[in-house]
Amino acid sequence: IFICKGSIFLQYMKVQDRHFETIWLKSGDPETIQVIDQRFLPFDFKIEDIATAEDMYTAIREMHVRGAPLIGIAGAFGLYLALLNIADHDEVDSRVRKAAVMLKSARPTAVNLAWAVDRVLLEVEKAGNIEEKKEKALETARQIIDEERISCLKIGEYGLKIIEEISRSKRGQTVNILTHCNAGWLACIDYGTATAPVYLAHDRGIKVHVVVDETRPRNQGARLTCWELQQHGVPYTLIVDNAGGHMMQRNMIDLVIVGSDRVSPYGDVVNKIGTYLKALAARDNHIPFYAALPSSSIDWNLQEGAYETPIEERDGHEVRHMEGMVNECYTDMLIVSENTPVANFGFDITPARLVTGLITEKGIAGANYKSIMKLFPEKNKNLFP
Ligand code: MRU
């Protein structure tokens with residue numbers, strides 16, 4: 001247990017009983033950021049040292065760190081690292097702006113990255129000399145960490161009520177929750193977004209069972225969500241991406257909770273590719289479909305439908321190959337003929353009409369403008385001062 005601004009937090013993210021966060025300032029070396037390098041999980045638990053903004057860009061781009069809230073925080077720390085490496089005091093603002101552009105370009109879809117980098121940049125530009133700018137960058141990155149941690153816990157508390165209700169209606173029988181990709185603690189700082197209600201429910205003795213989509217091509221569900229749930233002792237079953245619809249038809253799913261990379265103020269949800277198909281199947285089978293997200297994932301400038309969202313397209317290598325263990329060796333394996341043309345879209349958009357609700361740190365909103373603005377009245381452009 002630790003205490004932050006008067007609140008008491010349980011430390012959820014435990015790796016073999018030791019508490020970890022996903023990113024932190026290296027102890028005894030304030031010029032280095034450390035992250036869990038997620039590329040090697042679940043086979044190997046590796047920690048990476050990152051000392052330059054360029055290396056942070058690579059870590060985000062190549063998905064050593066991933067998940068919307070976490071890449072936001074990584075970007076914020078990236079800007080701090082950029083400041084540490086600027087020797088010429090006269091050029092500090094223009095160099096730091098360049099670093100911000102670079103960091104934001106690492107991945108286009110999750111709005112958290114640009115949101116966090118711009119927030120740090122604003123504070124840095126307001127600060128006086130370079131020492132103050134460094135301090136401000138670090139302080140802001142740490143503030144974002146605290147806020148995201150609190151948001152995830154709150155999401156857990158609000159989402160718990162949904163699980164409790166289903167558990168009551170099933171007279172205490174197991175609640176089966178389907179999730180897609182990894183919207184767990186590995187994607188955030190602690191608790192996760194989609195997983196936070198699950199962890200809280202499990203810890204309160206409610207019977208839960210998570211059905212985990214493998215999430216091709218990067219297999220975040222298979223490799224990361226399963227590992228997280230296992231560390232926490234939550235029962236789970238891994239399924240191939242195409243099995244969810246069948247399980248919904250057979251009454252094997254009571255609830256779907258996913259995370260989100262960008263949400264429109266109208267309730268459209270951008271999330272890992274394949275989310276839309278799960279929402280369609282959930283609607284066809286009258287199963288509640290929720291997205292869980294901190295407000296840092298809401299893009300207040302998006303129009304209805306969220307169609308302006310840049311959808312990341314990644315290298316075809318990720319589709320043509322699979323990674324795994326062969327005879328205890330970490331192996332990258334070709335699974336199709338070498339020059340097979342592939343398309344590798346990273347995300348899709350689930351229209352608001354398919355979303356039952358949004359679980360946020362401020363409460364649960366319906367997936368519509370009015371309901372979202374009720375939770376975030378300060379964002380309502382239609383309000384007169
Ligand atoms: O490509 P990734 O692994 O960064 O995608 C992650 C997701 O799609 C998550 O569902 C999303 O970021 C929400 S994380 C709380």
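Student: What makes the approach between the side chains of D37 and R39 a polar contact?

Tutor: This is a predicted model, and in it the side chains of D37 and R39 are 2.6 Å apart at this contact. A polar contact requires a pair of N or O atoms within 3.5 Å, so the value of 2.6 Å qualifies.

Student: Is D37 buried or exposed, and how do you know?

Tutor: The relative accessible area of D37 is 4%. Buried means under 20%, and D37 is therefore buried. The residue is found in strand β6, which covers residues 33-37.

Student: Why is V326 called partly exposed?

Tutor: V326 has a relative accessible area of 35%. Partly exposed residues fall between the limits of 20% and 50%, so V326 belongs to that class. The residue lies in strand β15, residues 321-326.

Student: What makes V326 eligible for the nonpolar patch on the surface?

Tutor: Members of a patch need over 30% relative accessible area, and V326 has 35%. The patch joins V326 with M333, L334, I335 and V336. Together these residues present about 360 Å² of accessible area.

Student: Why is the pair K136 and E139 called a salt bridge?

Tutor: The closest N and O atoms of K136 and E139 are 3.3 Å apart. The criterion is a Lys or Arg side-chain nitrogen within 4 Å of a carboxyl oxygen of Asp or Glu, so this pair meets it. Both residues lie in helix α5 (residues 130-169), 3 residues apart, about one turn of the helix. K136 has 25% relative accessibility and counts as partly exposed; E139, with a relative accessible area of 39%, is partly exposed too.

Student: How do you know that R223 and E323 form a salt bridge?

Tutor: Their closest N and O atoms are 3.0 Å apart, and the limit is 4 Å. R223 lies in helix α7 (residues 220-232) and E323 in strand β15, so the pair ties together parts that are 100 residues apart in sequence. R223, at 11% relative accessibility, counts as buried, whereas E323, at 39%, counts as partly exposed.

Student: What makes R314 and E318 a salt bridge?

Tutor: The closest N and O atoms of R314 and E318 are 2.7 Å apart, which is within the limit of 4 Å. Both residues are buried. Salt bridges with shared partners join R314 and E318 to R61, R107, R218 and E312 in one network. The structure holds 20 salt bridges.

Student: How do you know that the side chain of N271 makes a polar contact with the ligand?

Tutor: An N or O atom in the side chain of N271 is 2.7 Å from an oxygen atom of the ligand, and the cut-off for a polar contact is 3.5 Å. A polar side-chain atom of K272 also lies 2.8 Å from a ligand oxygen, while a polar backbone atom of A68 is 2.9 Å from an oxygen of the ligand. The ligand alone exposes 410 Å², of which the protein buries 99%. It is surrounded by 19 residues, and the closest are R66, R107, Q220, N271 and K272.

Student: Why are β12 and β17 said to stand at the edges?

Tutor: The open sheet has 3 strands in the order β12-β13-β17, with antiparallel pairing. β12 (262-263) and β17 (347-350) each have a single partner strand, so one side of each is left without a neighbour in the sheet. β12 pairs with β13 (residues 269-272) over 2 bridges, and V263 has V269 as its bridge partner in β13.

Student: How do you know that strands β14 and β18 pair?

Tutor: Pairing requires at least two bridges, and β14 (residues 289-292) shares 3 bridges with β18 in the parallel sense. Y290 stands opposite G357 in β18, and A292 stands opposite I359. β14 is also joined by 3 bridges to strand β11 (residues 255-258), again running parallel.

Student: Which way do the residues of strand β18 point?

Tutor: G357 and I359 point one way, L358 and T360 the other, and all are buried. In a regular strand, side chains alternate between the two faces of the sheet.

Student: What do β18 and β19 form?

Tutor: They form a hairpin with 2 residues between them. The two strands run antiparallel and are joined by 3 bridges, and the bridge partner of T360 in β19 is G363.

How values were computed:
Residues numbered from 1 in each chain as written. Predicted model: local features only at pLDDT ≥ 70, side-chain atom pairs only at ≥ 80, totals over all residues. Heavy atoms only, no water. Patch = residues over 30% accessible without salt bridge, like charges linked within 9 Å, V, L, I, M, F, W, Y side chains within 5 Å. Areas by Shrake-Rupley, 256 points an atom, 1.4 Å probe, with all protein chains shown as cover. Helix = DSSP H or I, 4+ residues; strand = E, 2+ residues; numbered from the N terminus. Buried < 20%, exposed > 50% of the residue type's maximum accessible area, 1.4 Å probe, protein only. Near = heavy atom within 4 Å. Polar contact = N/O pair within 3.5 Å; in protein donor to acceptor, adjacent residues only side chain to side chain.
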